[in-house]
Every structure is written in structure tokens, then in C-alpha cells.
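Take a look at the fold before reading on. We will go through the strands, then turn to the aromatic rings.

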Amino acid sequence: MRLPLLALLTRGPAHGYELKQDLEKLLGAAYPQSNVGQIYVTLGRLEKAGLIAGEDVEQAGRPNKRTYRLTDAGHEAVLAWFEETTDEPRVRDEFFMKIALAPESGLADPIVLINKQRRQYLNTMRDLSKLAVAEDRDNRISQLLIEGAMLHLQADLDWLERCQEELE
């Protein structure tokens, strides 16, 4: 959450609730929504780290609003984040550990686990398909997020099929 908030602040100062709304609008309903409390906790940590600076803004008839702006260090952190590649190998997959250890423990059948996981993936794909139809078609970012999740799920389903072939 830290770096996406910093990236949003490159546009200019904003307050926490505004940042939450911007993320939700950009990513759509497919992306797990953050609660505003967590956003403010993260903003506090970013401020302590010197990546953003906060300022209280007076509002007539309402409590002060705290807005945040990106510091030079924050700007450098966002630049560095965009330069990094994302390396998320699935070698430490928790589900794979379950099917590998099930026969060793004698507590579960790997094929039963595979079938249960397959049903879960298919249910998730069904939910994503419904979400894709319900989501704003003009929000290409959200549509791409949904499409990417579905492609990952399809690859996971193919992998489950391969695991089942090997273990039967």
C-alpha cells in the first residue's frame, strides 16, 4: 500500500480519504479495498519515514483536514519502484506444500485436495466473470486486473490438472 499511495501523491497533495477513493476508482471492485484507517496508518508511517509531509488544513465548521504531499525522498522512492521488476516466483506455493505433504502426514488425500482447490478456483473465476460484466466497461485498468486474475486462475487450473495426472 505504501508505494501506490506515494504514486498517487505524485499528482499533488491529497488527504487519506481522497487517496482511498482514487484507488477504488482506478482499480475497481476487483481489487480488495483498503479501509481508510489502514490508509491513514500507512500515511503516518510514510510521514515518519520522510517520504511525505503532512499539513493540517482548516475547514469552516468541520474538523481540520490533514493533506499530504510527496517529498523529494518520496518522489525518488516512487521512481525506484517503477524501475524495479516484480519477481514473484510461485515456488513457495502453500497449496503445493499441502499436496506434497498430504501423503507424508496421512491426514489428507492429494487428489481430494486438488479437486477441492479446483472447485475454489472455478468459483473464483465465476465471481470474476460476474464482476467483469458488472464493472464499468470504461475502466480499462479494472478490466485488465480482472482479466489478469482470470488468466492466472486458468494457469492454476491447468497446473492442478498436471498435478493430478502425475499423482494418480
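E1 and strand E3, residues 62–70, are joined by two bridges and run antiparallel. In this predicted model, His15 sits opposite Thr67 of E3. The sheet as a whole has three strands. It is open, its pairing is antiparallel, and the order is E1-E3-E2. Strand E1 (14–15) and strand E2 (52–59) are the edge strands, and each pairs on one side only.

Now the rings. How many aromatic pairs does a search of the whole structure find? It finds three. One of the pairs is Phe95 with Trp159. Their centres are 6.3 Å apart, with 75 degrees between the planes. That angle is over 60 degrees, so the pair counts as edge-to-face. The contact links distant parts of the chain. Phe95 belongs to helix H5 (residues 94–105), Trp159 to helix H7 (residues 140–167), and 64 residues separate them.

Are these two residues buried or partly exposed? Phe95 has a relative accessible area of 8%, so it is buried, the cut-off being under 20%. Trp159 has 29% relative accessibility and therefore counts as partly exposed.

Trp159 also pairs with Phe96. This pair is tilted, at 5.8 Å centre to centre and 45 degrees between the planes. Phe96 lies in helix H5 and Trp159 in helix H7, so the pair ties together parts 63 residues apart in sequence. Phe96 is partly exposed, because its relative accessibility is 37%. Through these ring pairs, Phe95, Phe96 and Trp159 are linked into a cluster.

Notes: Residues numbered from 1 in each chain as written. Predicted model: local features only at pLDDT ≥ 70, side-chain atom pairs only at ≥ 80, totals over all residues. Heavy atoms only, no water. Pairing = 2+ DSSP bridges. Helix = DSSP H or I, 4+ residues; strand = E, 2+ residues; numbered from the N terminus. Phe/Tyr/Trp six-rings, centres within 6.5 Å; stacked < 30°, edge-to-face > 60°. Buried < 20%, exposed > 50% of the residue type's maximum accessible area, 1.4 Å probe, protein only.
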